[in-house]
Amino acid sequence: MKKIIVYFLLYIIFCMLQFFFGKYLSVGGVFPNFILILVVYLGLTRGVVSTEIIGFLFGLTWDVFSTDVFGIRAVMFTFVGFLTGMMNKNFDKDRLPAQVVIVLLANLTYWFGFSFIYWVLPAGENGPSPFITAQAVFKILSTAVFAPVVFFILDRLELFARRDA
Amino acid sequence: MRETQKTRYGNIIFAVLLVFGFALIIGRTSPYVSLIKDLVYYIAYPNVASANNIFRFTGRLADNIKAIVFLYQENIAYKQENQALEDKLRNYDVISKEYDNLSKLLNLEKIKNTKSVFVRISAREPSEWYQWLIVDKGENEALKEDFPVVIFNKSKNTLCVLGKIIEVYKSSAKVALITNSSYELPVEIKDKGINCLAEGFNSNFIKITYIPSESGVKPGDEIVVSELSSVFPKGAPVGVIKEVIEDTCVDFKTATAEVYFESNVVYDAVILAPQEEYK
């Protein structure tokens, strides 16, 4: 039960951070993907099952609020959650370079997958869009740069929650 | 064994979610997917009042964070300024001790230090607006007659001459302004060393008399207190020359100067009390 409450709170906080704080934190339209960082963090700490479900729910919520193809983020966050969950034994998530590299790779996977789905979709109202642009590169880099900060905060929260328990 | 089972569950859930996700993508225009989208939207999207509250909260939070950052930077600047002032004060203490020793050895008369007494204007007579005013401190604060009264001029960022105390009561004092027609103040033209006399004439202007005819005084020149003044410290700003009148006398000319204080907005003043007399 406690686990569900923690996930629910994280869901609310990160949805607010991603959807409502964007206008305050974005620089020239570039804004880190905090949800992706959270999905990667959960993948490295909690394993596959909970991460892919959380990733799917985050993706679905984001899809609802966006004008992109419905379901695309749900698929990609599930995929990223699965991949990072599978790799959680191979990386030491407490090391800063590892955090940056994993988030960078996860973000690249996310954006390439995103672009690939758009590419295979038939052209029309939701036809291919140029996703691999300079702005996307900056978004990927900014997400990787912010990753250690978010990892640190989540680590502190986890420690705090464990101490209380 | 347990680990393998967990991995198998993970793979099954992953496959289910992926199939479900791709089904949503493929059937994105179908009424069923639209229904799911509307349902999720209905669950996830807060009502108008809540959304408004969230936006306001995030706006306030962002403003507060900005304010905290600004205050932090301001605090750092003040700390640096404070450090510089502390250093100056330390140096001042050393120099002051040295000065005391030297003045004792050489039997010199010591310069009187002053202490600032901040006062508020408590009364003014409309018919004598440019002549005098009453301040809210008096004998109780050890104020005496002839103490100089100055005012902070924001544009010049310095203390400018306002007047002097002419009558002292227990908890108030009467200040004669330099614009008072009975007031005369020895002044000089700044950077030119020309001594002259400032006389008030009950307006925002003062008359500068006894300016030598051959002196190159012109509008814009600054008037400061002369060394001859027994009340004000030398060099205290008084006003600025607006007009020079050439033909009053053969030897001297007269000028009109505007004082540095705006009589209509005088609310506070500073009295420079000699430190020995001020308890």
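This is a short talk on a predicted model with chains A and B, covering a barrel, a helix pair, the contact between the chains and three single residues.

I'll start with the barrel in chain B. Six strands close it, and going round, the order is β1-β2-β5-β4-β3-β12. The pairing is antiparallel. On average, neighbouring strands of this sheet are turned by 45° against each other, with direction ignored.

Now some of the individual pairings. Strand β1 of chain B covers residues 114-123, and strand β12 of chain B covers residues 268-274. These two run antiparallel and are joined by 7 bridges. If you want a place to look, take V117(B), whose bridge partner in β12(B) is I271(B).

β1(B) also pairs with strand β2 of chain B, residues 132-135, again in the antiparallel sense, over 2 bridges. There, A123(B) stands opposite I134(B) of β2(B). Moving on round the barrel, β2(B) is joined by 4 bridges to strand β5 of chain B, residues 173-177, and these strands run antiparallel. One pair to find is W132(B) with its bridge partner in β5(B), A176(B).

Next, chain A and a helix pair. Helix α3 of chain A is residues 34-46, and helix α4 of chain A is residues 48-65. Their axes are 9 Å apart, and the packing angle is about 170°. How do α3(A) and α4(A) run relative to each other? An angle over 145 degrees counts as roughly antiparallel, and therefore α3(A) and α4(A) are roughly antiparallel to each other. The crossing of α3(A) past α4(A) is right-handed.

On the α3(A) side, the contact is made by I35(A), V39(A), L42(A), G43(A) and R46(A). On the α4(A) side, the residues are S50(A), T51(A), I54(A), G55(A), F58(A) and W62(A). By class, the residues of this contact divide into 6 nonpolar, 4 polar and 1 charged.

Staying with chain A, V101(A) lies in helix α6, residues 96-120. V101(A) and A144(A) are 43 residues apart in sequence, yet their C-alpha atoms are 7.4 Å apart in space. Is V101(A) buried or exposed? Neither label applies: V101(A) has 14 other C-beta atoms within 10 Å, so it is partly exposed.

Now the contact between the chains. Chain B gives 20 residues and chain A gives 22 residues. Which helices of chain B supply at least two residues each to the side that touches chain A? They are α1 (2-26), α2 (31-44) and α3 (48-106) of chain B. The largest share of that side comes from α1(B), with 10 residues. The side of chain B that touches chain A divides into 15 nonpolar, 3 polar and 2 charged residues.

Last, two backbone angles in chain B. N202(B) has a phi near 50°, which is positive, and the residue is not a glycine. N202(B) lies in the loop between β7 (194-200) and β8 (205-212) of chain B. It has 15 other C-beta atoms within 10 Å, so N202(B) is partly exposed.

Y210(B) is also not a glycine, and its phi is positive at about 60°. Where is Y210(B) found? It is in strand β8 of chain B. With 17 C-beta neighbours inside 10 Å, Y210(B) counts as partly exposed; the cut-off for buried is 20 or more.

That is the end of the talk.

Notes. Residues numbered from 1 in each chain as written. Chains lettered and ligands numbered in written order. Predicted model: local features only at pLDDT ≥ 70, side-chain atom pairs only at ≥ 80, totals over all residues. Pairing = 2+ DSSP bridges. Axes fitted to C-alpha atoms, helices over the stretch in contact; angles between N-to-C directions. Parallel < 35°, antiparallel > 145°, perpendicular 65-115°, else oblique. Left-handed = near helix turned anticlockwise from the far one by under 90°. Contact = placed C-beta atoms within 7 Å. Nonpolar A, V, L, I, M, F, W, Y, C, P; charged D, E, K, R; others polar. Buried ≥ 20, exposed ≤ 12 C-beta atoms within 10 Å, placed from the backbone.
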